[in-house]
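Me: Please take a close look at one helix and the loops that come after it. Keep it brisk.

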Amino acid sequence: MASLDREAGVRVGGLGENCTDEMLQQAFSPFGTIVDTFIKAPRGRSRARGYGFVTFTDKASVQAAIDGAPEMIGEDTITVEARTPAPRREVAPPSINIYIKGIDASTDDASVRAAAEAFGVVESLEVVADRGFAFVTFASVDEASKVVAAQPLLIAGAFCDVEFRMSQPRQKKSGGGGGGGGGGG
C-alpha cells in the first residue's frame, strides 16, 4: 500500500458537525487530485469546531488550495493552512505490541481485528475509537513488524499510522471491588 505524503495536504479548520468528506472533496478538488480526506468532528461541545485534512497527489496542489480555498464550506467559515508533518517521536524498539492511530470514531473492534489479522495472530486488542486509536498485541515480534512496515494501515476507510508501543498494555481490571478475599487452596 502506498503511503500518504502528509506534506501534500492541507489542514482545514472551523468545520462544523455537518461537514462531510464529500463537501471537502467538492471544495478542494479544483486545486488537484485528492487521495484522502479526514474529518475530526467536534465532540460533544455545541460551540466547538472540528477540523479536517485534505491530501493531494502532489505538493504543488497545497499552495493552490491555500491561495484559492473558499471562505466557507456549507455554513462554516473555514481556515486553510499547509499540513505539517507530525513531529518525530521517540521510536520504540520492535515488540509484539503496536499502537494504531487515526481510527475513525465509528470503527468497531471487528474492523481493527480483521486488518491486524492480515499480518498474524492477534493475542489481544483494545480499540478506543472515540479517541482515534487502538492497541494490538501479536503472537510474535515478526508479525507486529510486518504491520509497522506496511503502514499506513487501511481500517474502515481510514488510513492509520502504526508504530511499536512504548509501554506494555495495561491489564484490564476484573469486575468487582478491590477486596481481599481469597480462595486459598
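Reply: Helices (H or I, at least four residues) and strands (E, at least two) are DSSP runs, numbered from the N terminus. This is a predicted model, where local features need pLDDT of at least 70, side-chain atom pairs count only at pLDDT 80 or more, and totals for chains, interfaces and linings use all residues. Residues are numbered from 1 along each chain as its sequence is written, and side-chain values use heavy atoms, with hydrogens and water left out.

Start with confidence. pLDDT is the predictor's confidence in each residue, from 0 to 100. Its mean for the protein chain is 83. Residues at 70 or more make up 81% of the chain. Residues 173-185 stay under 50. The model gives that stretch zero contacts (heavy atoms within 4.5 Å) beyond four places in sequence.

Now the helix. H4 spans residues 141-150. Its buried residues (under 20% relative accessible area, 1.4 Å probe, protein chains only) are Glu143, Ala144, Val147 and Val148. They sit on the same side of H4, because they cover an arc of only 140° around the axis. That arc is taken from the directions from the helix axis to the C-beta atoms. An α-helix has 3.6 residues a turn, so residues three or four places apart point the same way.

The buried residues of H4 pack against four strands: S7 (97-101), S9 (133-138), S10 (153-155) and S11 (158-164).

Next, the loops. Pro152 is in the loop between H4 and S10. A cis peptide bond links Gln151 to Pro152, with omega about 5°. Ala156 lies in the loop between S10 and S11. Ala156 is not a glycine, yet its phi is positive, about 50°. Ala156 counts as exposed (over 50%; partly exposed is between 20% and 50%), at 54% relative accessibility.
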